[in-house]
Amino acid sequence: MGGVNDAAITFGPALVAVLVLLALAATAVVQAGGLGRGRDVLVAAVRAVAQLALVSFVITAVLRSAPLTGLFVLLMFGIAAVTSARRAGRWANLPWTALAIAAGVVPVLALVLGAGVVPPKPIAVVPIAGIVIGGAMTATSQAARRALDELKARHGEYEAALALGFLPRPAALEICRPSAGHALIPALDQTRTVGLVTLPGAYVGVLLGGAGPVEAGLTQVLVLIGLLAAEAVSILVTVQFVAAGKLSRAA
């Protein structure tokens, strides 16, 4: 019977060829199907390889030092905030996307670490923090884009609400809040179908690390529910910032 190492993906020419083929196929589909710029897919794939290669070299040193771990988590958070600001359309959005992401991430990490559910060790903190920050970043980006798109598309309704006596912020909320709330759908679907449709990364990673299925399942449930909480808060804060005019696009 094979061990854990038998299930590991090994580096070699076959892996490189498969990665190249998958990246080129995705690029061709996006470009030919008019789904966007195929170049963006290729750039994302190349960046993923380069970034993970770099992280692989530095992660050993990071995980040996608590201060370096803290700096690494802050770096992840900073990159997430910048990414969401760019997705929303303006660099001036950076403070507000940072606040929206932090609003979701900080309480979740404080709770799981403070309660001792996740041990305060670098090897545990880095992956949990990365997953939660990444989820909050995606939720913030999607909520901001959806809310801003909705306000632009239904600007006439917004002005009609103002004419009826609504204040600007409540009027904007009436227009953009339902659409922005759809940003939570991916997290909801992933949580509802876990174990039935997918075996997410945390579950598989804990299994490959040598833990049993029950421990792996508990870890994955913690991650999924933590993500739901973090993303819900980030989306709520993002919508409030959009309605207040803090998050906006260039005129």
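# Notebook: pocket, helix H3 and cores

**Entry 1, the pocket.** I began with the largest pocket, and H2 gives the most to its lining, with 14 residues. I kept in mind that this is a predicted model. How much space lies in the largest pocket? I noted about 1500 Å³. I then looked up the lining, which has 29 residues; the closest to the centre are Arg47, Ala48, Gln51, Leu52 and Ile79. The elements that give two or more residues to this lining are H2, H3 and H5.

**Entry 2, helix H3.** Since H3 turned up in the pocket lining, I went there next. H3 runs over residues 66–88, which makes 23 residues. From its first C-alpha to its last it reaches 33 Å, close to the 33 Å expected at 1.5 Å a residue. I checked both ends. At the start, a side-chain oxygen of Ser65 comes to within 3.2 Å of the backbone nitrogen of Leu68. After the helix comes Gly89, and its phi is positive, near 120°.

**Entry 3, the buried residues of H3.** Which residues of H3 are buried? I wrote down Thr69, Phe72, Val73, Ala80, Ala81, Ser84, Ala85 and Ala88. Next I asked what covers them. The cover includes helix H2 (38–62), helix H4 (94–114) and helix H5 (122–153).

**Entry 4, Thr97.** I picked one residue of helix H4, Thr97. Is Thr97 buried or exposed? Its relative accessibility is 1%, and buried means under 20%, so Thr97 counts as buried. Leaving aside neighbours within four places in sequence, I found Thr97 in contact with Ala81, Ser84, Ala85, Thr140 and Leu247. Ala81, Ser84 and Ala85 were already on my list of buried H3 residues, so I was pleased to meet them again.

**Entry 5, the cores.** Last, I looked up the largest nonpolar core, which has 27 residues. Which of them touch the most other members? They are Leu151, Cys176, Ile235, Val239 and Val242. The elements that give two or more residues to this core are H5, helix H6 (155–163), helix H7 (168–181) and helix H10 (213–243). H10 supplies the largest share, 7 residues. I followed Ile235 further: not counting residues up to four places away in sequence, Ile235 touches Ala139, Ala143, Ala180, Gly181, Ala183 and Leu184. Apart from this core lies another, of 20 residues, and Val73, Val112, Ala136 and Leu227 are among them. Val73 took me back to H3, where it is one of the buried residues.

Conventions: Residues are numbered from 1 along each chain as its sequence is written. This is a predicted model: local features need pLDDT of at least 70, side-chain atom pairs count only at pLDDT 80 or more; totals for chains, interfaces and linings use all residues. Side-chain values use heavy atoms; hydrogens and water are left out. The expected span of a helix is 1.5 Å times one less than its number of residues. Buried means under 20% relative accessible area, exposed over 50%, partly exposed in between (1.4 Å probe, protein chains only). Contact means heavy atoms within 4.5 Å. A polar contact is a pair of N or O atoms within 3.5 Å; within protein, one must be able to donate a hydrogen and the other to accept it, and residues adjacent in sequence count only if both atoms are side-chain atoms. A nonpolar core is a set of buried Ala, Val, Leu, Ile, Met, Phe, Trp, Tyr and Cys residues joined through side-chain atoms within 4.5 Å. On a 1 Å grid over the protein atoms alone, a cavity is a set of points where a 1.4 Å probe fits but cannot get out, and a pocket is an open set with protein on both sides within 12 Å along at least five of seven lines; lining residues have an atom within 4 Å of a point. Grid points are joined across faces, edges and corners, and a volume is the space filled by probe spheres set on the points.
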